[in-house]
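Here is a short briefing on one protein model. Look over the sequence and the structure first; the notes follow by topic.

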Amino acid sequence: MDPLIATLALILIALLGSRFSFATRQVSAGSQLLLRTGTHFLLLGFLLGPTALGLLSREAVGQLSPLLGLALGWIGLLFGLQLERGALRHFPRVFLVLALGQATLVCALLLAGGLLLASRLSLAGEATMLVLAGAAATACISTPAAVAIVAANFRVKGQVKDLLYFVASLDAIVGITVLHVAYAAMHGTPVMAARGDEPVWFWVLAGVGLGVVCAVIFLWLARLRPSREELVLYLLGISALAAGAALQLQLSPLFVGTVTGVIITNLNPQWHRAFRIMERWEKPIYLILLLLAGAALRIPAWWVLPLALGYAVTRALAKVLATGFLVRVLPLPFPTPLSLGMGLVPQGGISIAMAISLSLTLRSSDARMAGVDAADLLFATVIVGVVISDLVGPFLTTRLLRSGAGGERDPRGAADHAPDRTGTRAPESP
């Protein structure tokens with residue numbers, strides 16, 4: 001298919017899908033939990049892609065990489081915009097410790113397990129390290145979408161639900177940061193097409209500096225309170241600039257976008273205008289990301305499927321254990337179930353965006369691991385693992401929040417939470 005036609009077709013599917021696919025009021029509660037995750041668009045993209053029907057060829061998918069770059073920058077910027085210090089001050093500091101602490105523990109557990117498995121299989125090298133670090137970074141992340149879906153479907157309220165929503169909204173900070181550090185550590189190795197002898201700290205600060213530059217440009221453009229149409233163009237431009245420059249320098253576009261968003265939201269008094277616009281376009285952009293991710297999915301070997309299942313199961317266990325440990329030792333202001341981590345099993349779209357970013361980087365150097373393409377190996381493992389987590393996770397969240405220790409039913413009906421797809425919805429005050 002011609003890349004222009006493919007682009008227009010994807011945009012049309014995304015616009016229609018964002019309008020109709022999540023309207024699930026006429027189906028059963030169990031079906032809503034599945035349909036509202038949006039993972040069926042991954043399957044649709046896979047069917048349209050070269051592995052199945054071939055309507056989107058490998059060349060067409062490759063030529064759509066600028067669209068992927070824009071989506072990565074948009075997601076990073078939207079996530080950063082929610083980290084407004086005034087809003088975060090409404091929450092006890094122990095909530096932030098729980099959010100970042102459980103994500104850090106999960107990352108450490110997955111990385112340690114991956115290194116142990118790699119040593120048993122005699123796998124070594126920079127490609128192996130980047131794949132393991134990338135998989136561990138994606139495992140950190142949860143999504144508040146499942147919490148919002150369950151709360152709306154089953155009219156759940158209560159302090160546990162609010163805490164879970166807060167934790168799931170913020171734990172991506174750890175994953176995005178770990179991925180950026182992994183990118184910085186790999187510069188000067190065969191994994192990166194762009195070589196450089198600079199130390200790790202130079203590339204870490206380069207990502208921060210690039211985000212600062214993009215934020216300053218946006219703040220300068222937005223200083224005269226632009227119209228809505230102008231603001232949309234500015235946001236598109238800054239997202240494309242942040243992601244494009246990051247990919248060119250082989251840094252994490254999500255990290256650069258997040259830094260840009262954090263600066264904008266804390267220095268621009270009108271940041272909420274930008275957030276509302278980006279939030280409005282979140283669904284179409286997320287669906288485009290899902291469709292392209294599905295089309296790019298390739299299973300390089302049969303053993304990747306059990307590997308993905310192992311990734312999903314290990315991540316779920318790590319979430320439950322790490323969160324339970326912190327719930328036991330932290331002075332939380334209200335009784336919290338030790339099974340709180342069950343509500344953090346759904347992964348969401350930021351993990352998919354991270355997998356896409358890593359895949360683009362690994363493909364640029366043709367890195368290989370265990371005899372197969374490292375980009376295909378990592379991408380397939382994470383994507384299939386995310387699908388498993390997003391199919392099982394909402395039911396675990398339901399079990400947690402509908403239990404006596406996890407939440408209460410609201411007899412007046414739940415508020416209409418519009419679940420975010422990428423895990424970037426601003427946390428609400430409990």
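In which helix does valine 212 lie? Valine 212 lies in helix H12. Keep in mind that this model is predicted.

**Surface patch**
- Valine 212 has a relative accessible area of 34%, so this residue counts as partly exposed.
- Val212 helps to make a nonpolar surface patch of about 540 Å².
- The patch is also made by Trp201, Phe202, Leu205, Val208 and Val216.

**Nonpolar core**
- The largest nonpolar core holds 122 residues.
- Leu98, Leu235, Leu289, Ile352 and Leu362 touch the most other members.
- Helix H19, residues 374-402, gives the most to this core: eleven residues.
- Leucine 289 touches Leu68, Ala71 and Ile75, and also Gly349, Ile352, Ala353 and Ile356, leaving aside residues up to four places away in sequence.
- Ile352 thus appears both among the contacts of leucine 289 and among the core residues that touch the most other members.

**Two loop residues**
- Glutamate 198 sits in the loop between helix H11 (172-186) and helix H12 (200-221).
- Glutamate 198 is partly exposed because its relative accessible area, 34%, falls between the 20% and 50% cut-offs.
- From glutamate 198 to alanine 185 the C-alpha to C-alpha distance is 9.9 Å, with their positions 13 residues apart in sequence.
- Glutamine 250 is in the loop between helix H13 (228-249) and helix H14 (253-267).
- Glutamine 250 is buried because its relative accessible area of 6% is under 20%.
- Glutamine 250 and methionine 186 are 64 residues apart in sequence, yet 9.5 Å apart in space, C-alpha to C-alpha.

Methods. Residues numbered from 1 in each chain as written. Predicted model: local features only at pLDDT ≥ 70, side-chain atom pairs only at ≥ 80, totals over all residues. Heavy atoms only, no water. Core = buried A, V, L, I, M, F, W, Y, C linked by side-chain atoms within 4.5 Å. Buried < 20%, exposed > 50% of the residue type's maximum accessible area, 1.4 Å probe, protein only. Helix = DSSP H or I, 4+ residues; strand = E, 2+ residues; numbered from the N terminus. Contact = heavy atoms within 4.5 Å. Patch = residues over 30% accessible without salt bridge, like charges linked within 9 Å, V, L, I, M, F, W, Y side chains within 5 Å. Areas by Shrake-Rupley, 256 points an atom, 1.4 Å probe, with all protein chains shown as cover. Salt bridge = Lys/Arg side-chain N within 4 Å of Asp/Glu carboxyl O.
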